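Dear colleague,

I am passing on to you a structure that you have not worked with before. Please look through the sequence and the model first, and then read the notes below.

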Amino acid sequence: LRWYREYFGSSAWMSATWTSLLVAVLTTLLATPLGTLAAYGMHCTSDRIRNALQLLVLMPVVVPSILVAVGVFHLYAIVDLNYSITGLVLAHTALAVPFVIITVLSSLNNYDMTQEMAARSMGASRPQAFLGITLPQIRFSVLTGAFLAFITSLDEVVVAKFISGGENATITRRMFNALRDQIDPTIAAISTCLIVVSVLALAAVQIFGARGKGST
């Protein structure tokens, strides 16, 4: 357990870990509603508009990460967001939203929209019908999208390498720098901790999803 003690006893590693977890949570809280609403809006449009929008929202996934990182770095240099939590959250949200959209949109494609239309015909507004009828039935896909957003942010290294640093350096950036400079066994301990966090997050999604299916 020597290298775990090295990890948990290091203020630098702990600071980077809390930064990554904070950014990942904030990214999840921002990307999940944005991606869900975007998927809902795309589902309610015509096929022609939906196809065009899908191409647009998938660009952060299709474009190589290094190109995204360079572009974000130059933009943040203008607006003074480099090495800030806000800049990290916004950049990671842009990378995470497509995964939420894909997940939620696939669920909406199998959802019977006549249920929502029936609620609206009985006096419910569109937001009320969505929150009361549609969202409870697609919540597992929303939770899955939130999980993907969390993991996307937590594991992201290329963009973080460009726009994070100093007190706001992420754990992945510090790991990359440590691997570049020397062979540090502490990184193996950190890797197992990240795997545990990912597995626990996935287990939580599955548990909440199972409860949701049981209640319905």
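Helices and strands are counted here as DSSP runs, of at least four residues for a helix and at least two for a strand, and they are numbered from the N terminus. Counted in this way, the protein, which is a predicted model, has 11 helices and 0 strands, so that the order of its elements from the N terminus on reads α-α-α-α-α-α-α-α-α-α-α.

As to its overall dimensions, the C-alpha trace spans about 65 × 40 × 25 Å along the principal axes. Of the 216 residues in the protein, 41% are buried, and the accessible surface comes to about 11,800 Å², with 69% of that area belonging to carbon and sulfur atoms. When contacts between residues at least 6 apart in sequence are considered, 76% of them join residues at least 24 apart.

The charged side chains number 13 positive and 10 negative, and the centres of these two sets lie 6 Å apart.

Which helices each supply at least two residues of the lining of the largest pocket? They are α2 (11–43), α8 (126–155) and α11 (186–215). The pocket itself holds about 240 Å³ of space, and its lining consists of V25, T28, L29, L143, A146, F147, F150, A201, A204, V205 and F208. If you wish to find this pocket in the model, you could begin from residues such as F147, F150 and F208, which are among those that line it.

With best wishes

Notes: Residues are numbered from 1 along each chain as its sequence is written. This is a predicted model: local features need pLDDT of at least 70, side-chain atom pairs count only at pLDDT 80 or more; totals for chains, interfaces and linings use all residues. Side-chain values use heavy atoms; hydrogens and water are left out. Buried means under 20% relative accessible area, exposed over 50%, partly exposed in between (1.4 Å probe, protein chains only). Contact means heavy atoms within 4.5 Å. Accessible areas come from the Shrake-Rupley method with a 1.4 Å probe; for residues, only the protein chains shown count as cover. Lys and Arg count as positive and Asp and Glu as negative; His and the chain ends are not counted. The place of a charge is taken as NZ of Lys, CZ of Arg, CG of Asp or CD of Glu. On a 1 Å grid over the protein atoms alone, a cavity is a set of points where a 1.4 Å probe fits but cannot get out, and a pocket is an open set with protein on both sides within 12 Å along at least five of seven lines; lining residues have an atom within 4 Å of a point. Grid points are joined across faces, edges and corners, and a volume is the space filled by probe spheres set on the points.
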